[in-house]
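Morning, everyone. I have one small topic for today. Please look at the screen.

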Amino acid sequence: MRKFWDAIEYRIERFTLEMQQETGLSVVEMILILVVIIALVLIFKTQLISLVNSIFEKITSESAGI
């Protein structure tokens, strides 16, 4: 699994090095950042949902005491 991520990281680095001479580099960077964020959300979807639910439950329970 580590080799897979190393290969992806290498290809992204190579791609960004090639794109540095292009004027649209900031667009490419934004697209790569969005892809990473979307992938993380999809991978950790259940953990994020449970975290948000527990935070809202705590807020609700503690706001009742005010």
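What share of the 66 residues in the protein is buried? The answer is 3%. Keep in mind that this is a predicted model.

Next, the surface. The accessible surface of the protein is about 6,200 Å². Carbon and sulfur atoms account for 68% of that area.

Now the fold. Count along with me: three helices, zero strands. Going along the sequence, the pattern reads α-α-α. Helix α1 covers 2-19 and helix α2 covers 25-43. Helix α3 takes in residues 45-63.

How confident is the predictor? The average pLDDT of the protein is 84. A score of at least 70 is reached by 88% of the residues. The elements vary. Helix α3 has the highest mean pLDDT, 92. Helix α1 has the lowest, 79. Remember that value for α1 when we turn to the pocket.

So, to the largest pocket. About 300 Å³ of space lies in it. Which residues line the largest pocket? Find them on your screen: Trp5, Ile8, Ile12, Leu32, Val35, Val36, Ala39, Leu40 and Ile43.

Two helices, α1 and α2, each give at least two residues to that lining. Which helix supplies the largest share? That is α2, with six residues.

And the chemistry of the lining? Nine residues are nonpolar. No polar residues line the largest pocket, and no charged ones either.

To recap: three helices, 3% of residues buried, and a largest pocket with a lining of nine nonpolar residues. Thanks for listening.

Key. Residues are numbered from 1 along each chain as its sequence is written. This is a predicted model: local features need pLDDT of at least 70, side-chain atom pairs count only at pLDDT 80 or more; totals for chains, interfaces and linings use all residues. Side-chain values use heavy atoms; hydrogens and water are left out. On a 1 Å grid over the protein atoms alone, a cavity is a set of points where a 1.4 Å probe fits but cannot get out, and a pocket is an open set with protein on both sides within 12 Å along at least five of seven lines; lining residues have an atom within 4 Å of a point. Grid points are joined across faces, edges and corners, and a volume is the space filled by probe spheres set on the points. Helices (H or I, at least four residues) and strands (E, at least two) are DSSP runs, numbered from the N terminus. Ala, Val, Leu, Ile, Met, Phe, Trp, Tyr, Cys and Pro count as nonpolar, Asp, Glu, Lys and Arg as charged, and the others, Gly among them, as polar. pLDDT is the predictor's confidence in each residue, from 0 to 100. Buried means under 20% relative accessible area, exposed over 50%, partly exposed in between (1.4 Å probe, protein chains only). Accessible areas come from the Shrake-Rupley method with a 1.4 Å probe; for residues, only the protein chains shown count as cover.
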